[in-house]
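Work through the exercises below with the model open beside you. Try each task before reading its solution.

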Amino acid sequence: YQRRGHGVYREYTEHEFLKGEGSKSDNVVIHFFRPTSERCAIVCRHLEKIAPKYFNARFCKINAEKAKYLCERLKITVLPSIALFVKKKHMDTIVGFDHLGGRDDFETPVLEWRLGQSNVINYTGDCTGPTQKSGYQGILRHVSSIRCSEQDDGDFDDY
């Protein structure tokens with residue numbers, strides 16, 4: 001897995017991603033970011049901690065300002081946004097911090113838990129642990145709206 005880029009959080013250009021890096025892994029976490037955004041930097045810090053723990057997924061970041069095609073294709077309009085691909089299918093997008101407690105100071109386990117809810121990582125923690133431990137009581141009410149419908153056909157093969 002390490003040779004395929006798993007276990008690290010790495011930046012890709014849109015061109016690199018579309019020309020093969022994106023299709024090398026079944027499960028992919030793509031953080032669309034803007035270099036000048038503090039909130040995007042917060043997500044980067046959390047994903048840098050999470051990536052080495054989960055070798056079943058590739059963790060990427062792509063500068064949204066230089067990735068117009070991908071942003072349009074995946075309907076990325078708010079930053080930070082994290083697109084989640086499971087078995088090469090676009091299954092979910094975490095938009096902003098609403099599903100992370102709505103606060104800038106959310107803890108890494110909250111994002112880890114949220115990624116696990118989309119099955120992009122093999123999360124083995126307690127599904128209620130991060131929300132109760134960290135005091136984020138509002139997270140669980142969003143779970144029913146997290147999963148995308150089967151109508152979304154955004155997969156890597158379409159690029």
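The exercises go from the whole chain to the sheet, then to one strand and to the salt bridges.

The model is predicted.

**Exercise 1. The whole chain**

Task: State how many helices and strands the chain has, and give their order.

Solution.
- Step 1. Count the elements: the chain has six helices and five strands.
- Step 2. Read them from the N terminus: β-α-β-α-β-α-β-β-α-α-α.
- Step 3. Add the burial. The chain has 159 residues, and 50% of them count as buried.
- Step 4. Add the surface. About 8300 Å² is exposed, with 46% of it supplied by carbon and sulfur atoms.
- Step 5. Look at contacts with a separation of 6 or more. Residues 24 or more positions apart account for 71% of them.

**Exercise 2. The sheet**

Task: Give the strand order of the sheet and name its edge strands.

Solution.
- Step 1. Trace the order. The five strands form an open sheet, 1-3-2-4-5, and the pairing is mixed.
- Step 2. Find the edges. Strand 1 (9–11) and strand 5 each pair on one side only.
- Step 3. Check the twist. Ignoring direction, neighbouring strands are turned by 25° against each other on average.
- Step 4. Take the pair at one edge. Strand 4 (residues 81–86) and strand 5 are antiparallel, with six bridges between them.
- Step 5. Locate a facing residue: Leu84 stands opposite Asp92 of strand 5.

**Exercise 3. Helices on the sheet**

Task: For helix 2 and helix 4, list the strands each one meets and give the angle.

Solution.
- Step 1. Begin with helix 2 (residues 38–50). It lies across strand 1, strand 2 (27–33), strand 3 (57–63) and strand 4. Its angle to strand 2 is about 155°.
- Step 2. Go on to helix 4 (residues 108–117). It packs on the sheet and touches strand 2, strand 3, strand 4 and strand 5. The direction of helix 4 makes about 150° with that of strand 5.

**Exercise 4. Two polar residues in strand 5**

Task: Decide whether Asp92 and His90 are buried or exposed, then find their polar partners.

Solution.
- Step 1. Place them. Asp92 lies in strand 5 (residues 89–95), and His90 is in strand 5 as well.
- Step 2. Apply the cut-off: buried means under 20% relative accessible area. Asp92 has 3% relative accessibility, so Asp92 counts as buried. His90 has 7%, so His90 counts as buried.
- Step 3. Follow the side chain of Asp92. It makes a polar contact of 2.8 Å with the side chain of Arg114. Another polar contact, of 2.5 Å, goes to the side chain of Ser118.
- Step 4. Follow the side chain of His90. It reaches the backbone oxygen of Asp92 at 3.2 Å. With the side chain of Thr93, His90 has a polar contact of 2.8 Å.

**Exercise 5. Salt bridges**

Task: How many salt bridges does the structure hold? For the pairs of Arg34, Asp104 and Glu112, work out which parts are tied together.

Solution.
- Step 1. Count: the structure holds six salt bridges.
- Step 2. Take Arg34 and Glu65. Their closest N and O atoms are 3.0 Å apart. Arg34 lies in the loop between strand 2 and helix 2, and Glu65 in the loop between strand 3 and helix 3 (68–73), so the pair ties together parts 31 residues apart in sequence. Arg34 is partly exposed at 34% relative accessibility, and Glu65 is partly exposed at 41%.
- Step 3. Take Asp104 and Arg39. Their side chains meet at 2.7 Å, N to O. Asp104 lies in the loop between strand 5 and helix 4 and Arg39 in helix 2, so the parts tied together are 65 residues apart in sequence. Asp104 is partly exposed at 37% relative accessibility. Arg39 is partly exposed, with a relative accessible area of 39%.
- Step 4. Take Glu112 and Lys53. The salt bridge between their side chains is 3.0 Å, N to O. Glu112 lies in helix 4 and Lys53 in the loop between helix 2 and strand 3, so this pair ties together parts 59 residues apart in sequence.
- Step 5. Check the burial of Glu112. Its relative accessible area is 8%, so Glu112 is buried.

Methods
Residues numbered from 1 in each chain as written. Predicted model: local features only at pLDDT ≥ 70, side-chain atom pairs only at ≥ 80, totals over all residues. Heavy atoms only, no water. Helix = DSSP H or I, 4+ residues; strand = E, 2+ residues; numbered from the N terminus. Buried < 20%, exposed > 50% of the residue type's maximum accessible area, 1.4 Å probe, protein only. Polar contact = N/O pair within 3.5 Å; in protein donor to acceptor, adjacent residues only side chain to side chain. Contact = heavy atoms within 4.5 Å. Areas by Shrake-Rupley, 256 points an atom, 1.4 Å probe, with all protein chains shown as cover. Pairing = 2+ DSSP bridges. Axes fitted to C-alpha atoms, helices over the stretch in contact; angles between N-to-C directions. Salt bridge = Lys/Arg side-chain N within 4 Å of Asp/Glu carboxyl O.
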